[in-house]
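Open the model in your viewer and keep the sequence panel visible. The stops below go from loops to the sheet and then to the helices around it.

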Amino acid sequence: MSTKEFKRAARIILVGAPGVGKGTQAERLMQRYPQLSAVSSGDLLREGVRNRTSLGLEAEAFIKAGNLVPDEMILKLILDKLKSNRWVSTQSSVTDHSPAQPSKNPSASFILDGFPRTATQASRLDNLIPVNLVVSLITPVNIILSRIASRWVHPPSGRVYNTGFNAPKVSGRDDLTGEPLTKRADDDEETWKQRLRKFDETSQPLLEHYDRKRVLWTVKGNSSDEITPKLFQELDSRFA
C-alpha cells in the first residue's frame, strides 16, 4: 500500500454499527497515513488502571461497582493523552470555557475510538477539542449478520477469522498454534439484531449533531474493501 503525507492535522471519528469494520478501516488509514495515530478511550482506561494512575484508580472504582465511567473522567483521559503528545496546549483543562487550541502540525493527527457514543458526549468533546471529520460507515444489516455468522475466534490470542473472506488455513484451526477456533458466546443473530437496533437509536442524534457542525461525511459499501478506496480518496482531498 502506498503512503500519503498529510498537509494539515486530521482529527477523525469513525462511527459505524458493530461489525461494520471500524477497526479494519482505522488500521488501513494508519498504514496509508503514517502521521495518523489511534486514541482509544478503552485503551486509555485500561492503561490507567494497569499503571495505577490517579485517574485509573478512580475509573477502576466505578468499574468494580458495576457503573459506567463518567464522561468527565473519559474526557480527562483523552485530554491527558493529547497533552502528553503535545497535540494541544499543556495548559488545557476540561473545565476551560473554550476548546483547546489543537496543533496544526500534521503529526498531531488522530482517530478517536470509543468516544463519543452519544450526542451529549459529542457536545462535551466539542468543548474540549474540535474534530474536523466524522465518518459514518454504512453496510447493510443483512451483510453484517452474514459476517457474524461466519466469524470464528482464537480466544487465547484474540485472532479473528471469517470463513467468507479471511478463512483459516486449516478449517476450524488457528493459523499459528493449530488450536481449535470457537464462536463467541454473543455471536448469535438475535443478540446482534438487538445490538444493531440499539446502535441506530443512539447514533442518529450523534450523526445529526456532527451534521450540524458540517464535519459529517457518509460512506457506504458492502465490504471493507469497497469502502476503503472511497475513504482514502476523501482523506486525500481533505488533508493530503
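Relative accessible area is used here in three classes: buried means under 20%, exposed over 50%, and partly exposed in between, with a 1.4 Å probe and protein chains only. The model is predicted, so local features need pLDDT of at least 70 and side-chain atom pairs count only at pLDDT 80 or more, while totals for chains, interfaces and linings use all residues. Residues are numbered from 1 along each chain as its sequence is written, and side-chain values use heavy atoms, with hydrogens and water left out.

**Loops**

Select arginine 86. Is this residue buried or exposed? Arginine 86 counts as exposed because its relative accessibility is 63%. Its place is in the loop between α4 and β3. Helices (H or I, at least four residues) and strands (E, at least two) are DSSP runs, numbered from the N terminus. Phi of arginine 86 is near 60°, a positive value in a residue other than glycine.

Go next to arginine 52, in the loop between α2 and α3 (54-64). Phi is positive here too, near 55° in a residue that is not glycine. With 47% relative accessibility, arginine 52 counts as partly exposed.

Then select phenylalanine 115 and proline 116. The peptide bond that joins them is cis, with omega about 0°. Proline 116 is found in the loop between β3 and α5 (119-126).

**The sheet**

Colour the strands of the open sheet: there are 5, in the order β2-β3-β1-β4-β7, with parallel pairing. Two strands pair if DSSP finds at least two bridges between them. Which strands are at the edges? They are β2 (36-40) and β7 (216-220), each pairing on one side only. Neighbouring strands of the sheet are turned by 25° against each other on average, direction ignored. Axes are lines fitted to C-alpha atoms, for helices over the stretch in contact, and angles run from 0 to 180 degrees between N-to-C directions.

Select β4 (residues 133-138). This strand is mostly covered, with 5 of its 6 residues buried. Towards β1 the pairing is parallel, over 5 bridges, and isoleucine 12 stands opposite leucine 133. Towards β7, β4 again has 5 bridges and runs parallel; here valine 135 stands opposite tryptophan 217.

Stay in β7 and select leucine 216. At 22% relative accessibility, leucine 216 counts as partly exposed. How far from its C-alpha atom is that of serine 136? The two are separated by 7.2 Å, although the residues are 80 apart along the chain. Contact means heavy atoms within 4.5 Å. Leaving aside neighbours within four places in sequence, leucine 216 is in contact with Val134, Ser136, Leu207, Tyr210 and Asp211.

**Helices**

Show helix α1 (residues 22-32), which lies across β1 (11-16), β2, β3 (109-113) and β4. Its direction is at about 155° to β1. Helix α2 lies across β2 and β3, running at about 65° to β2.

Keep α2 (residues 41-50) selected and add helix α4 (residues 71-84). They pack at an angle of about 90°, with their axes 10 Å apart. The two are therefore roughly perpendicular to each other; the classes are roughly parallel under 35 degrees, roughly antiparallel over 145, roughly perpendicular from 65 to 115 and oblique for the rest. Which residues of α2 and α4 meet? Ser41, Leu44 and Leu45 come from α2, and Ile74, Leu77, Ile78 and Lys81 from α4. The residues of this contact divide into 5 nonpolar, 1 polar and 1 charged. Ala, Val, Leu, Ile, Met, Phe, Trp, Tyr, Cys and Pro count as nonpolar, Asp, Glu, Lys and Arg as charged, and the others, Gly among them, as polar.

**Last stop**

Select asparagine 162 in strand β6 (residues 159-162). It counts as buried because its relative accessibility is 7%. The side chain of asparagine 162 reaches the backbone nitrogen of glycine 164 at 2.8 Å. Not counting residues up to four places away in sequence, asparagine 162 touches Arg147, Ser150, Arg151 and Ala167.

Technical notes. A polar contact is a pair of N or O atoms within 3.5 Å; within protein, one must be able to donate a hydrogen and the other to accept it, and residues adjacent in sequence count only if both atoms are side-chain atoms.
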